[in-house]
Structures are given as structure tokens and as C-alpha cells.
Amino acid sequence: MTNLVAIITTAVMSIAAPAKPPIPKPDPVASSPTPGGAVTEAGRALPVSSGPSQGLASWYPMRPATCDGAPVPSWVKAWTASLTLRCGTLVRLSGPGGSITVPVEDRGPQAWTGRLFDLNPEAFRAVAGNLWCGVVPVTWALG
């Protein structure tokens, strides 16, 4: 019986797909001080500088509650999510399709993605030109 289990285990191990390599974490960006008392446990902090900084932005379709739990007001048509900037902070984002100034109204994207901002579709169209690209490089500055 033990030989049968060993044979089956060996056969299954030889058929099983190799393990995927782990996704590398993005290099943390050191900043001092962190903007708005940012939480640095998120894996990276956005640098505070006099000039624009660079990163990646994506989009997401849902209308979030604000960081304090209240619904985003209906008159706010464009916003972003950030893990490190204080809620309500205005951010000027520029991408290959244009520029827009938006408030931080939500938390995200997840730190492991390597992205700095998640935009709602309206804001993403303004910086990317369309939604098809999914992720775009952006420059940003506190607005």
C-alpha cells in the first residue's frame, strides 16, 4: 500500500504544473515627510516634491463611498483613489491623453499592483484618452 501511495504521489508531482514565481513587490519610494500623514505600511509612500512625480494609474467602474464612509456627492464627476494621500487632497494628473485635477475620494489601489492611483472612468478618459488601455503612465503633483 505504501508503494502504491508513493507511485501515485510521484506521478502526480511529475504532472503538476510548476509553481508560478512570486510577483515582486514594487520598490518602496522613500519620502520625508509623507504627504498628508500618509500610511507607509502600504508598501510605498508618494514623494513630496516641488515638481511632478511619476507612476501608473488604472481605472475602476464603481462609485465608492468617501474615505469617511459618506457617499461621493453626485456633483463630483471625477475622482481618484490613493493609498497614501489624505482624502480630499486635490491631485493634478497628466497622462498621454491630457490632464485633470481630481480629489482623492477613496482608498486603493492595492499595494502589490505597483500602481499609484485608481481613477474613475471619467478621470481616466481625461488622462488616457480612452478606457481600452487599462493602465497608463502619469505624472502627478498636488493640485
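The legends below describe an overview and close-up views of a predicted model.

**View 1. The whole protein chain carries two helices and six strands.** From the N terminus, the order of elements is α-β-β-β-β-β-α-β. The chain has 143 residues, and 34% of them count as buried. Its accessible surface comes to about 8,800 Å². Carbon and sulfur atoms account for 63% of that surface. Contacts often span the sequence: among those between residues at least 6 apart, 66% join residues at least 24 apart.

**View 2. Arg107 sits in the loop between β4 and β5.** Strand β4 covers residues 98-106, and β5 covers 117-119. Arg107 has a relative accessible area of 38%. That value falls between the 20% and 50% limits, so Arg107 is partly exposed. Ala81 lies 26 residues away in sequence. In space, the C-alpha atoms of Arg107 and Ala81 are 4.9 Å apart. Arg107 also touches Ala81, along with Cys67, Ser82, Leu83, Thr84, Leu85, Arg86 and Cys87; residues up to four places away in sequence are not counted here.

**View 3. The Arg107 side chain reaches two backbone oxygens, those of Ser82 and Leu85.** The distance to the backbone oxygen of Ser82 is 2.4 Å. For the backbone oxygen of Leu85, the distance is 2.8 Å. Both Ser82 and Leu85 are among the residues that Arg107 touches.

**View 4. Asp106 is buried and has no salt bridge.** This residue belongs to strand β4. Which side chain of opposite charge is nearest to Asp106? It is that of Arg107, 7.1 Å away. A salt bridge requires a separation within 4 Å, so Arg107 does not form one with Asp106. Asp106 does have a polar partner: its side chain meets that of Tyr60 in a polar contact of 3.0 Å.

**View 5. Phe117 and Trp140 form the one aromatic pair in the structure.** The ring centres are 5.8 Å apart. The ring planes stand at 75°, so the pair is edge-to-face. An angle over 60 degrees is needed for that label. Phe117 lies in strand β5, and Trp140 lies in strand β6, which covers residues 135-142. The pair therefore ties together parts that are 23 residues apart in sequence. Both Phe117 and Trp140 are buried.

Terms used:
Residues numbered from 1 in each chain as written. Predicted model: local features only at pLDDT ≥ 70, side-chain atom pairs only at ≥ 80, totals over all residues. Heavy atoms only, no water. Helix = DSSP H or I, 4+ residues; strand = E, 2+ residues; numbered from the N terminus. Buried < 20%, exposed > 50% of the residue type's maximum accessible area, 1.4 Å probe, protein only. Contact = heavy atoms within 4.5 Å. Polar contact = N/O pair within 3.5 Å; in protein donor to acceptor, adjacent residues only side chain to side chain. Lys, Arg positive; Asp, Glu negative; His and termini not counted. Areas by Shrake-Rupley, 256 points an atom, 1.4 Å probe, with all protein chains shown as cover. Phe/Tyr/Trp six-rings, centres within 6.5 Å; stacked < 30°, edge-to-face > 60°.
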